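Got the viewer open? Take me along on a short walk through this one, stop by stop, and I'll tell you what to select and what to look for.

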Amino acid sequence: MSAISEFFKKFRRGNSGDAVFQLVALVFSLVMPVTILAIFIVLWQESEISRQEFGISFLWDKTWSNSDQVFGALTVIYGTLVTSAVAILLAGPVGVGIAAFLTEIASPRVNSVVGFFVEILAAVPSIVYGIWGFFVFAVFLRDWIVPPIQFLFGWIPVFQGNFTLSTIFTASLVLSVMILPTVAAISRDVLNAVPRDQREAMLALGSTRWEMFSMAVLPYARGGVLGAILLGVGRAMGETIALTYVLGNAQVLFTSFFQQGSSMAQAIASLFGASTSNVLRSSLLEIGLLLFVLTFLINVGARFLVTSMSNQPSRR
């Protein structure tokens with residue numbers, strides 16, 4: 001209300017340009033909150049049948065039976081969290097390492113060329129990653145990577161079982177490749193924003209390049225790097241088309257990376273068009289609501305962590 005009253009005050013004073021600019025900026029600033037609220041309301045209303053039928057137990061029920069019309073979200077939540085966690089554990093350090101190489105070691109020419117290809121990878125459509133992952137990468141894993149892993153670590157339950165092209169292992173690695181450009185590109189921009197004085201001061205004191213990076217540059221940019229990693233997590237959790245090719249569509253609590261599984265976004269994309277009952281459709285929409293809330297909480301948590309870490313003094 002204060003913004004609207006300020007608008008009329010400026011308009012009456014003849015300062016119509018500023019008044020219109022302020023009103024337009026206010027309207028634009030309300031677009032995203034209103035959109036988020038509208039999405040939440042629609043998903044909440046459309047999932048009413050599922051919420052009334054299964055209640056809160058929908059979150060931890062692993063049953064998925066079309067014949068009995070009983071559905072639970074535990075298997076898809078489990079698949080989403082596992083594949084996203086493995087993907088970020090692989091892509092996070094590699095992405096930050098690429099950013100460190102481009103900002104601290106590579107020449108300007110190499111930085112420009114490699115940075116260009118990193119940004120190109122970020123623009124590749126997810127369906128291309130899915131096709132490549134199933135027809136090329138999964139075959140490579142089956143013939144060259146999985147056999148030595150099973151030979152050396154086959155006694156561990158997570159590496160047991162028969163490897164098929166669509167597995168948790170394939171999906172996690174494809175996801176890591178997909179989110180790697182995001183982590184690397186944002187981390188590179190964050191590291192480039194670190195003042196040159198930070199580097200020069202450490203080098204002037206006799207520090208090595210590694211000491212300079214680990215003790216001055218990285219602590220200064222830790223908030224932004226963490227934000228890049230969490231953005232990668234958000235993309236991994238919401239990935240749909242690529243996982244439709246490389247994850248399978250098995251609503252099970254898998255115990256091995258070489259089994260098939262399902263994720264929240266992939267289950268919605270695979271089953272929604274073929275849903276023949278209102279219960280299944282409502283259950284899929286409730287899964288969409290859970291995914292929406294989960295990604296929203298991750299982004300809020302990321303903002304909180306980035307803010308809190310940025311306000312802490314860097315340790316020397």
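Start by selecting Phe153, Phe159, Phe163, Phe169, Phe257 and Phe258: ring pairs join these phenylalanines into a cluster. Keep in mind as you click around that this is a predicted model.

Now add serine 256 to the selection. You'll find serine 256 in the loop that runs between helix H12 (241-246) and helix H13 (264-271). Is serine 256 buried or exposed? Its relative accessibility is 3%, so it counts as buried, the cut-off being under 20%. Show its neighbours next: leaving out residues up to four places away in sequence, serine 256 touches Pro157, Val158, Phe159, Gln160 and Ile168. One of those, Phe159, also belongs to the phenylalanine cluster. Then draw a distance from the side chain of serine 256 to the backbone nitrogen of phenylalanine 258: a polar atom of that side chain lies 3.1 Å from the nitrogen.

Next, the aromatic rings elsewhere. How many aromatic pairs does a search of the whole structure find? The count is 15. Among them, select tryptophan 64 and phenylalanine 71, which meet edge-to-face, with 5.0 Å centre to centre and 65° between the planes. Both partners fall under the 20% cut-off: tryptophan 64 counts as buried because its relative accessibility is 16%, and phenylalanine 71 counts as buried because its value is 0%.

For another arrangement, go to tryptophan 132 and phenylalanine 137. This pair is stacked, with centres 4.9 Å apart and 20° between the planes. Switch on a surface here and look at each partner. Tryptophan 132 has 32% relative accessibility, so it counts as partly exposed, while phenylalanine 137, at 15%, is buried.

Now for a ring with a charge over it. Select tryptophan 44 and arginine 51: the charged end of arginine 51 sits over the tryptophan 44 ring, 3.8 Å from the ring's centre.

Keep tryptophan 44 selected and add valine 96. The two are 52 residues apart along the chain, and their C-alpha atoms are separated by 38 Å. Where does valine 96 sit? Its place is in helix H5, residues 74-105. With a relative accessible area of 14%, valine 96 is buried. To finish, display what valine 96 touches beyond residues up to four places away in sequence: Val183, Ser187, Val225 and Ile229.

Key:
Residues numbered from 1 in each chain as written. Predicted model: local features only at pLDDT ≥ 70, side-chain atom pairs only at ≥ 80, totals over all residues. Heavy atoms only, no water. Helix = DSSP H or I, 4+ residues; strand = E, 2+ residues; numbered from the N terminus. Buried < 20%, exposed > 50% of the residue type's maximum accessible area, 1.4 Å probe, protein only. Polar contact = N/O pair within 3.5 Å; in protein donor to acceptor, adjacent residues only side chain to side chain. Contact = heavy atoms within 4.5 Å. Phe/Tyr/Trp six-rings, centres within 6.5 Å; stacked < 30°, edge-to-face > 60°. Lys NZ or Arg CZ within 6 Å of the ring centre and 35° of its normal.
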